[in-house]
Amino acid sequence: MIDVKIIRKPKNEGTTSALKTGGTAYGGMAVKEAAHAAKADIAEQAKEAAHAAEADHAKKADLSGNAERAKYAEEAGHAKEADHAKMADDSDRWDNRQFDDYMDQPVRTGDHVQFASVETDSIRSAGTFVDGLLGEGFKLWRDEDGVTYLCIDKLTVRQTMTVLELLIEKMRSVGGMICVSAANGKIKAVSEQDSSYYIEFEQDNTFEAHDLMRCQTFSGGQMKHYWVEVAETDTKGVKIAKTEFTGALPEVSDEVVLMGNTENRQRQNIILISATEDGQPRIDVMDGVKAKNFKDCLRARLGNLDGINDDRFPADQQPHGNGLYSDNAYLKGTFLLVTGEDIKTKFEITEGKIASSVSALRQDFATEKGYLNNPSFDEGLSKWLTENETVFWMVGNKWVWANDKVLTKKGDGASVTKDDGRIVVRIRNKYISQKNASLKGVPPMSTNSNGKKEALPIYLSFFYRCATEGTLKVRFENVDKTGFENFNSLEVKEVLAPTEGYKQYTCNGLWNGTGDFKLSFTGDIYLYMLILSTDKIESLTYKYRTLFEQSEKLVKIAAQNFDKDGRVLAESGIMVKAEGSGIYAQGPDGKLALIGVAVEEADADGNTHTVIKLLADNIKLEGLVTANGNFRILPDGSIEAKNGKFGGDVNAETGYIGGFAISGNHIGVSSRVLQPDGSYKVVDDRDGLFLYDTMIGFNAKDRQAIFGTWNSLGQPMLARLVDTATDYTDSDGKKWGFLPKYGIVFDIENSMNGNFAFAGKGSGALNGFVDGFRFDKVKVDNANTIYDVEIKDSNRLVVACTVGNSGIALPRLSAMRSALGIGQNTPFAFRLIITSDLGASDFVIFGRNKTKNSKQETPWDKENYPLLTTWNGEQWGDMTMGQGDTVELLLVYDPERTAQIDGFSTQYTARIINRQN
């Protein structure tokens, strides 16, 4: 607010006077109400001007509230005219000047004054102003050195804010490392609340539930560190389970910072700025920090790259030294050795050497990294499914032929064709689909802390030319989400307008590796290079380069493919030297294919011989191949050799090897039978081994053993064992064998955690019996003791009690699960027989009960012990057994039961089904 104390009467020369405050002039403004001082509403200044005659002397100016404006006081000599201001009410002119040329608004201290511009060295808020962090008010001013300052509480910038130097007076750091994240704090107080710590901060709490809060400090040569998950929050602090702190505990003045979140994807990113004594200054950008580690979270690093190991780089060229490491990089300008130009041709001519290289970036992709089979449609629609509408022309029930082809009219459908020199698939109001079983593969899925798998981001890209507008739909059909965290599978729906040429299309979503891929279009579209990958499409681009190099020692011509990061994906070339020449090809893994000719020394005397060397993972030879007349590869692929020794794989559809015949998609024992024409014919024998793609078996007279996945008369089977062989016939005509027969013999023992001869699911149907004859003896030889028993090798327990006031407790639920090898939620019913040994003392059998021990505790009142129930639905806490007594129990675990007996749960019970005493 500006207070005007003195009003200067403008002169008649046509100039405009100004109102000044401090060193700032306000020109070209007049206020009509200022025509008369009596009506200027600035009474506290005008009252000193009531007798303007006294103002002819400047010494009177000190009566003004702002003395600096008194420099115009000498011009107040004529202010005596203001004594008659009340007579000027009807005047609208003053020295031929319109008042509103200078004053057109109220300028009282309480008015809202507007000026087009203001020049001043200081503007501040009304009332008190105190500079600094704990001050008040606002101020904009210039100091004696001409430096300007602004002190305010809050600043909002709607558009761009340019700061040449930013000084923040307070920064937090941990162990020489600055962490930039969404939350931090300094601990004000720590209190215990049951099984948790409540931590209050000095400032408002900025942490949220499931945040990973970290503290790391060094003091006196000791390091203090904890990294814990926040359970609950409020405006002042957080609650954290005590079990989260495995070493150091939270203390007052600890500085903590957010480093990840186990659930919220938006709070899993941080920036770490390190300048420690290890000589590796760096800035790290982390994303995806959802656990108490940084595994696979480093998205970018600027600075020292030592310590980064990435399998995508060669082992001897891992990131090191100072530089940039990131998932993606977008750089502009000119670079040493490599430029941002699409095509760069560079010639270097040095002493004795000429070299030329041509590099080009093309819109091709590494199709081998995708999950779709035949993505470029080079094999037609192989691996793809679609529908087509075609009309066949017929006359008199006969096809109409034209140009040696059946005359047809194609309707809507999908087909492979050529367009603009490319092999493409054309889709007209139909779809293409690839079954999950036809995919090249699926990505591995990670499992979260809840034991569920998580779907992965998937990226789809292709090039297309749209001839007729239509709707594009991309999705996975029949997705199975069993065992996965809930997610929305990839599903795209978008209208595509006609295009003049080919354009790239990209989209992304989530996929769990199940379901069938389907792409449909309601218009007319041409597609090629269909890539589905967990890598972003930018990482699959190819670059190409050709190289020519010549010197006095060699001539080299080479061509290279490399990815966007400069890693060579493939290289081939010709190299000529005096000592030999070669044609080579090399892949990204360093493997080399070579055809070379050379002259090499053969012995110590210097004798030489010529060599042709073939080096490759696979060598293809066409035509008749011979080797010294002893070995021949015929054009039909057959081999003739005098002898053979094979140490690797042999693949044969028919033949005879060492008494085994290969024929009819199987291998079996066979014989070579001489034919009348002198040739031999391989004939399968009835007995012996036979092997098919779905089974392996063995035959003998009246005996057979088969294992595999086959169907017997339509009945699925995995194994069949038959032995009806006999040795003699008795007087009644019954046939028998002399010795015992065994179908399966098991010997499974010596495990501390259970010996299972067989286990699994399903029922047994046997025209015989299945039983075990083993029993376990339990010795009860300590008085006043209850023994916990477990099922190890038998469900029959013989208890030999030799003391008084003792007994056994029925098997705990956890022990039964371990013995049966089943999970926590698997229901079961297990038969258990307990017999008191002959001559044994009386003992008790404990189920779940409230009996107290010598310490007045109730150790058997736990759901881990079965509730002992009788035939009429009652519960017994225990039962007494005398010598020779036997009880048969059914241990039943039914997790769906909610009923109780006498306040006890009935999910795990020991039900008495028979008792002999």
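## Helix α2 and residue A815

A815 lies in helix α2, which covers residues 813–820. The model described here is predicted. With a relative accessibility of 11%, A815 counts as buried, because buried means under 20% relative accessible area.

What is the distance in space between A815 and Y865, C-alpha to C-alpha? The two residues are 10.0 Å apart in space, while 50 residues separate them in sequence.

## The second largest pocket

Helix α2 also appears in the lining of a pocket. This is the second largest pocket, and its volume is about 2,500 Å³. Two elements give two or more residues each to its lining: helix α2 and β59, the latter made of residues 828–836. The largest share comes from β59, with five residues.

How many residues line the second largest pocket? The lining holds 45 residues, and those that lie nearest the centre of the pocket are A757, F758, A759, V770 and D771.

## Strand β9 and its two partners

Strand β9 runs over residues 184–193 and pairs with strand β15, residues 255–261, in the antiparallel sense. Three bridges join β9 and β15. In one of the bridge pairs, N184 is matched with V257 of β15.

Strand β9 also pairs with strand β10, residues 196–201, again in the antiparallel sense. This pairing has six bridges. The bridge partner of A189 is E200 in β10. Together, β9 and β10 form a hairpin, with two residues between the strands. In the turn, D194 has a positive phi of about 55°.

## A nonpolar patch on the surface

Another part of the model carries a nonpolar patch on its surface. The patch is formed by V555, I557, I574, V576, I583, I595, V597, I612, L614, I619 and L621. Together these residues have about 950 Å² of accessible area.

Which strands each supply at least two residues of the patch? They are β37 (554–562), β38 (568–577), β40 (592–601) and β41 (608–615). One of the patch residues, I612, lies in strand β41. I612 has a relative accessible area of 64% and is exposed, because exposed means over 50%. In a regular strand, side chains alternate between the two faces of the sheet.

## Two residues side by side

A815 and I612 give an example of each class. A815, in helix α2, is buried at 11% relative accessibility. I612, in strand β41, is exposed at 64%.

Definitions and conventions: Residues numbered from 1 in each chain as written. Predicted model: local features only at pLDDT ≥ 70, side-chain atom pairs only at ≥ 80, totals over all residues. Heavy atoms only, no water. Helix = DSSP H or I, 4+ residues; strand = E, 2+ residues; numbered from the N terminus. Buried < 20%, exposed > 50% of the residue type's maximum accessible area, 1.4 Å probe, protein only. Patch = residues over 30% accessible without salt bridge, like charges linked within 9 Å, V, L, I, M, F, W, Y side chains within 5 Å. Areas by Shrake-Rupley, 256 points an atom, 1.4 Å probe, with all protein chains shown as cover. Salt bridge = Lys/Arg side-chain N within 4 Å of Asp/Glu carboxyl O. Pairing = 2+ DSSP bridges. 1 Å grid on protein atoms, 1.4 Å probe; cavity = no way out; pocket = protein on both sides within 12 Å on 5 of 7 lines; lining within 4 Å. Points joined across faces, edges and corners; volume = space filled by probe spheres on them.
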